[in-house]
Structures are given as structure tokens and as C-alpha cells.
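I opened a structure today and kept notes on what I looked up. The entries follow the order in which I went through it.

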Amino acid sequence: MAPDDYVEESSEDAPSEPAEASAESSEEASDETESTEEQASKEEAAEAIEAEAEEEVVEEDPEMVKLKEDIDELEREISKKRRILINTQDSTDDFSKSGYTRKIAKIENKRRQVDAALKESEAIGFATGVQIFLPILDKLKALNDETYAGNEFASQYRPLYSTFKDMLSGPNGLGCTEIVPVVGNKIDKSSTTSIRQEYSSELAKGTVMEMLKPGLVLKGNVLRFAEVVESLGSEEDLKVAEEAEEVEEVAEKKDDDKAE
């Protein structure tokens, strides 16, 4: 066999490695292409289904729509009729015997309230006017003191004091009454004022120790406050109370310091 013939046979019979690698690459590329196309096809199908779902409109039955509208209209009509019924019942009650009686009672109560308010305003105004003359009454009373006992001019006006006093608090007077605080009673701040304060071992704190000047009241309106000396209570009791307060304050301060 010639050398040339041997080479030819060898080249024909031996498999070609580059050709096999190229075939395998072609097959892999083909598989990848098919897989990509299949995935794209699935995505397109999903998008198409989603688009159809969005475009699909559920149409409500026309009969149901009409029925709902009729129900709404009926409810509005019922509400309107109910209001008319309530107004009719109220009007009927107003013109009935019981309604008329209630109206009369309301009018009567209103009239009484107005009368009471007018009387109260009248009493306040009247008391204010009387209060203006109290300083004059005090000056007339001073003319009866021993200071003016021998004064002929003062003696001419002394009877006026009794006249004014009877006019204010006499049986046929304006109805003024004196405020006379009782020693030992608790001071009424609404009609009594304390001129000074003193210690007392017999009288409790805040009570009347001595009356200095009576007050005057007209139909519930205080024209003049009564003047008194107020008791501070026992001085020893006051010291004990103050010491107890100091001890309590010290104890509270210690507790606060411990808490901090």
C-alpha cells in the first residue's frame, strides 16, 4: 500500500472532533430558542387572559337596578310621611283639651316668673334708694349723743331720728329689720363683717365675740352689714395647732426628700 493511499483512508475513516462540537452547540442553541419561545408564548397568554378579565364588565340586571331605585324612593316617601304624621299629632294635641290645659299652665308659670323677677328688681331698686339715706340716719342718731346734749340747734333735729327710724323699721314702715348677731354664734359672712379679731378662751374661733353695730336688711337685701369682733379662739389652742402644722410640714418634707 502506498503512503498516500494510507493517508486518505485515515482521513476518511477517523471522526472529525470539531464537527461534533459544532453539532452539539447547534442542538443546545435550538433547545434554548424553543424554551424562550415557549416562555414568551405563556407570558403572552397570561397577559391576554388578564386583559380580557379587565375588559370584561359585569352588567347588573336592569330589573335589580330598577328595584333598588324603587326601594330608595319608597324609604324617602315613608320618612316624609312620618314627619307629617308627627307634626299632625303635635298640632292635634295642641288643640285638644289636655293640650290647651298645658298651654295655660305654661303661660301662668311664665307670668309668675316675670312677676317674681319684677318684684325682685323692684325690691333691689328700692333697697338701693333707702341705702342712700342711711348716712343721714347716722348723723341724726349722733345728735342724740351726750356730745350735743346742750346744743339748742341739735335739739331741733333730734325728733327726726325717731321719724326716720319708724319709717324704716316701724310697724307701718318700709319693712326693714335689724341684723343683730348673737355672741357665741358663728359669724354669717353674708350679713356680718368682722372689724377686728381677738383671742378668747371661752369662744370658739370664727364666732361673735362682741357686737359693735347692728346691720339692716330690707326684703332680703342687706342695706348695711352688722359689725362685730371676731373670736380667734384660745391662744394656747392656736399655738398647739400651729406646732402640729409645723411638725406635719417637716414630716412631709422628709418624705419628699426620701422620695427624691
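**Entry 1: the three-stranded sheet**

I started with one pair of residues: Thr192 stands opposite Ala226 in S6. I note at the outset that this is a predicted model.

I then looked up the strands around that pair. S2 and strand S6, residues 226-231, pair in the parallel sense over six bridges. I asked myself in what order the strands of the open sheet lie. The order is S2-S6-S3, with three strands and mixed pairing. Strand S2 (192-198) and strand S3 (208-213) are the edge strands, and each pairs on one side only. From one strand to the next, the twist averages 30 degrees.

I added a reminder from general knowledge: strands of a sheet pair through backbone hydrogen bonds, either parallel or antiparallel.

**Entry 2: a hairpin**

Next I went to S4 and strand S5 (residues 221-224), which pair in the antiparallel sense over three bridges. Within this pair, Leu216 stands opposite Arg224 in S5. The hairpin of S4 and S5 has two residues between the strands. I checked the backbone there and found that Lys219 takes a positive phi near 50 degrees.

**Entry 3: the nonpolar core**

In soluble globular proteins, nonpolar side chains tend to be buried together. I looked for such a group here, and the largest nonpolar core has 13 residues. Among those with the most contacts inside this core are Val130, Leu134, Leu168, Cys176 and Leu216.

Which elements each supply at least two residues of this core? I wrote down helix H4 (97-132), helix H5 (134-142), helix H7 (158-169) and strand S4 (215-218). H5 gives the most, with three residues.

I picked Cys176 for a closer look. Leaving out residues up to four places away in sequence, Cys176 touches Leu168, Ser169, Leu216, Val217, Leu218 and Leu223. Of these, Leu168, Leu216, Leu218 and Leu223 are also listed with the most contacts inside the core.

**Entry 4: the largest pocket**

Last, I looked up the largest pocket, which holds about 300 Å³ of space. It is lined by 16 residues, and the closest to its centre are Leu137, Lys141, Tyr161, Glu178 and Arg224. Arg224 was already in my notes as the residue opposite Leu216.

Which elements give two or more residues to the lining of this pocket? They are H5, H7 and S4. The largest share, five residues, comes from H5. I had already noted H5 for giving the most to the largest nonpolar core.

Terms used:
Residues are numbered from 1 along each chain as its sequence is written. This is a predicted model: local features need pLDDT of at least 70, side-chain atom pairs count only at pLDDT 80 or more; totals for chains, interfaces and linings use all residues. Side-chain values use heavy atoms; hydrogens and water are left out. Two strands pair if DSSP finds at least two bridges between them. Helices (H or I, at least four residues) and strands (E, at least two) are DSSP runs, numbered from the N terminus. Axes are lines fitted to C-alpha atoms, for helices over the stretch in contact, and angles run from 0 to 180 degrees between N-to-C directions. A nonpolar core is a set of buried Ala, Val, Leu, Ile, Met, Phe, Trp, Tyr and Cys residues joined through side-chain atoms within 4.5 Å. Buried means under 20% relative accessible area, exposed over 50%, partly exposed in between (1.4 Å probe, protein chains only). Contact means heavy atoms within 4.5 Å. On a 1 Å grid over the protein atoms alone, a cavity is a set of points where a 1.4 Å probe fits but cannot get out, and a pocket is an open set with protein on both sides within 12 Å along at least five of seven lines; lining residues have an atom within 4 Å of a point. Grid points are joined across faces, edges and corners, and a volume is the space filled by probe spheres set on the points.
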